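Please look over the sequence and the three-dimensional structure below before reading on. The paragraphs that follow lead through the structure one step after another.

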Amino acid sequence: METKVTLEVPEDVSEEARRRAHQAAVLALWKEDAISTGVAAAELELTHHDFLDLLASEGIPVVRRSPNLQRIKEAQRKLANNRP
């Protein structure tokens with residue numbers, strides 16, 4: 001399934017304003033969990049890493065859900081036992 005974000009703006013709006021509006025729309029959809037990180041990055045023509053950098057520069061937390069404490073404890077146990 002392909003996702004494309006389209007905005008209609010007046011003709012006299014600058015390209016920079018159009019770009020910022022498009023970015024804001026994509027980020028809003030991403031924050032609402034309506035699109036994935038990969039889809040958001042592709043929509044903004046960014047790599048996954050560059051999208052994460054964009055989130056950081058905008059002060060938007062990357063993690064949107066509670067941590068899986070069971071997985072964390074398991075990883076800590078493995079590290080303590082020097083096992084992969």
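In which helix of the chain is confidence lowest, and in which is it highest? This is a predicted model, and its confidence is lowest in helix 4 (residues 69–80), where the mean is 87, and highest in helix 3, at 96. Over the chain the pLDDT averages 89, and 93% of the residues score at least 70.

Helix 3 is a convenient place to begin. Within this helix, which spans residues 48–57, the buried residues include Phe51, Leu54 and Leu55. When one looks down the axis of helix 3, its buried residues fall within an arc of 100 degrees, so they line one face of the helix. The general background is that an α-helix has 3.6 residues a turn, so residues three or four places apart point the same way. On the other side of helix 3 lie His49, Ala56 and Ser57, which are exposed. The cover over the buried residues of helix 3 includes helix 1 (15–31) and helix 2 (37–43), while after helix 3 comes Gly59, whose phi is positive, near 70 degrees.

From that buried face one can turn to the nonpolar core. The largest such core has 13 residues, and those with the most contacts inside it are Val26, Leu27, Trp30, Ala40, Phe51 and Leu55. Two or more residues are given to this core by each of helix 1, helix 2 and helix 3, and the largest share, 4 residues, comes from helix 1. As a general tendency, nonpolar side chains in soluble globular proteins are often buried together.

Two of the core residues named above also meet through their rings. A search of the whole structure finds 1 aromatic pair: the rings of Trp30 and Phe51 have their centres 5.8 Å apart and their planes at 70 degrees, and because planes over 60 degrees apart count as edge-to-face, the pair is of that kind. Since Trp30 lies in helix 1 and Phe51 in helix 3, the pair ties together parts that are 21 residues apart in sequence. Both Trp30 and Phe51 are buried.

Helix 1 also holds His22. Is His22 buried or exposed? With a relative accessibility of 17%, His22 counts as buried, because the cut-off for that term is under 20%. Leaving aside neighbours within four places in sequence, His22 is in contact with Val5, Leu7, Glu43 and Leu44.

Key:
Residues are numbered from 1 along each chain as its sequence is written. This is a predicted model: local features need pLDDT of at least 70, side-chain atom pairs count only at pLDDT 80 or more; totals for chains, interfaces and linings use all residues. Side-chain values use heavy atoms; hydrogens and water are left out. Buried means under 20% relative accessible area, exposed over 50%, partly exposed in between (1.4 Å probe, protein chains only). The arc is that of the directions from the helix axis to the C-beta atoms. Contact means heavy atoms within 4.5 Å. A nonpolar core is a set of buried Ala, Val, Leu, Ile, Met, Phe, Trp, Tyr and Cys residues joined through side-chain atoms within 4.5 Å. Rings of Phe, Tyr and Trp (its six-membered ring) pair if their centres lie within 6.5 Å; planes under 30 degrees apart count as stacked, over 60 as edge-to-face and the rest as tilted. pLDDT is the predictor's confidence in each residue, from 0 to 100.
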